[in-house]
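Please open the structure in your viewer and keep the selection tool at hand, since this tour moves from one selection to the next and says what can be found at each stop.

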Amino acid sequence: MRATWKGAISFGLVTIPVQLFTATEEHDIPLRQVHEKDASRVRLRRVCEAEDVEIPYQEITKGYEAPDGSMIMLSNEDLADLPLPSKKLIDVLAFVDAGSIDPLMFSKAYYVGTSDKAAAKPYALLREALTESGQIAVTKIAIRSRESLAVLRVHEDTLVLQTCLWPDEVRPAAGITPEGDVTIRPQELQMAKSLMEMLSQDFDISALHDDYQEALQQVIEARLQGIEPPHEEAAAPTGGKVIDLMAALENSVRAARESRGETGSGAETAQVHELPVRTAAGKTPAKRATKTASKTTAKAAAKSDTPARKATGSAAAKTAAAPKDTGGKKTTAKKATAKKTASKKSAKTTTTRKTTQKRASA
């Protein structure tokens with residue numbers, strides 16, 4: 001691997017001769033700009049405005065346009081000889097906690113290697129000190145004619161220099177956060193945490209790959225073979241719909257479980273619903289659940305009585321029912337006797353009326 005920078009790390013009176021190696025690389029499929037009409041290449045040409053001719057790269061240098069419109073020429077030698085103390089030196093300014101630097105400031109990463117054998121011990125000393133303390137070193141370095149803020153940190157067993165943006169190069173986020181107060185219910189937060197835990201289980205970032213590059217390669221191969229390339233299925237429109245956040249979280253947890261082959265009993269969902277939630281009627285589902293559980297327990301207890309208790313209860317029921325039946329029979333007998341007496345009185349009255357009528361006729 002070719003070194004891109006050579007110099008030294010300096011902290012206090014300790015100097016470590018080092019060199020930097022580019023730590024990252026991007027895998028892009030090269031696409032050319034072509035004329036749609038005939039597929040011929042479209043090239044960019046460097047043309048001098050004054051002469052209207054193309055200029056070779058060797059004749060191009062840099063310049064600064066002054067406020068009055070004049071151009072100040074800057075040669076490569078001028079840029080190479082800038083009076084920068086950090087030109088060949090990684091100057092450690094301070095040691096801070098690893099979490100004190102916002103990752104938004106991080107830029108390009110370089111592996112830090114030693115330039116000679118004598119640098120092995122101070123290199124290892126700095127690496128172990130950073131590891132034990134959990135800190136990173138804030139530094140400044142000049143790379144390719146520009147001074148950058150940077151941090152030194154440990155990656156596995158290697159020191160890494162990560163260039164950073166200057167604090168004033170990070171734009172403020174004012175006005176981007178949604179306005180207005182948003183109420184997050186405790187059960188929604190708990191369900192979100194459950195979903196986070198489910199998605200984090202057995203996660204291996206090294207197994208991830210660039211799906212876009214694979215899809216682009218499939219399209220290119222299809223065109224080379226003269227067949228129709230694969231197309232993405234049209235996704236269902238989702239914008240503008242009001243969703244039930246709780247239901248969406250529950251379905252997400254369930255889907256995450258199923259994707260792992262877990263059927264589970266829904267422990268996370270059960271825990272969420274145990275929280276007291278006021279409904280529109282003002283009742284608490286938890287209280288209703290408690291009442292239902294109490295009734296269920298009472299029924300279960302009734303069913304679990306011993307046979308002796310059942311027999312005793314049955315005998316007592318028969319004994320209690322007996323007097324009621326006797327009383328009922330006596331009452332029925334009295335009613336029947338009263339009816340017979342009434343019938344006899346009615347018959348006598350009818351006979352007397354007939355006799356009286358006969359006498360009157362005579």
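**Stop one: helix 3**

Begin by selecting Q187, which lies in helix 3, the helix formed by residues 186-200. As you look around, keep in mind that this is a predicted model. Is Q187 buried or exposed? With a relative accessible area of 6%, Q187 is buried, because buried means under 20% relative accessible area. Now add M246 to the selection: Q187 and M246 are separated by 59 residues in sequence, while their C-alpha atoms are 8.2 Å apart in space.

Next, widen the selection to the whole of helix 3, which has 15 residues and reaches 21 Å from its first C-alpha to its last, close to the 21 Å expected at 1.5 Å a residue. Within this helix, colour the buried residues, which are Q187, E188, M191, S194, L195 and M198. They cover an arc of only 120° around the axis, and so they sit on the same side of helix 3. Then turn the view to the other side of helix 3, where P186, K193, M196, E197 and S200 are exposed. Before leaving this part of the chain, select D202, which follows helix 3 and has a positive phi, near 60°.

**Stop two: the salt bridges**

How many salt bridges does a search of the whole structure find? The search finds five, and the next selections show some of them.

Select R45 together with E54, which form a salt bridge whose closest N and O atoms are 3.0 Å apart. When you display the surface here, R45 counts as exposed, at 58% relative accessibility, whereas E54 is partly exposed, with a relative accessible area of 46%.

Move on to R127 and E128, another pair joined by a salt bridge, where the closest N and O atoms are 3.3 Å apart. On the surface, E128 is partly exposed, its relative accessible area being 38%.

Finish with E147 and K140, which also form a salt bridge, the closest N and O atoms of this pair being 4.0 Å apart. K140 is partly exposed, with a relative accessible area of 27%, and this value places K140 between the buried and exposed classes, because buried means under 20% and exposed means over 50%.

Notes
Residues are numbered from 1 along each chain as its sequence is written. This is a predicted model: local features need pLDDT of at least 70, side-chain atom pairs count only at pLDDT 80 or more; totals for chains, interfaces and linings use all residues. Side-chain values use heavy atoms; hydrogens and water are left out. Helices (H or I, at least four residues) and strands (E, at least two) are DSSP runs, numbered from the N terminus. Buried means under 20% relative accessible area, exposed over 50%, partly exposed in between (1.4 Å probe, protein chains only). A salt bridge is a side-chain nitrogen of Lys or Arg within 4 Å of a carboxyl oxygen of Asp or Glu. The expected span of a helix is 1.5 Å times one less than its number of residues. The arc is that of the directions from the helix axis to the C-beta atoms.
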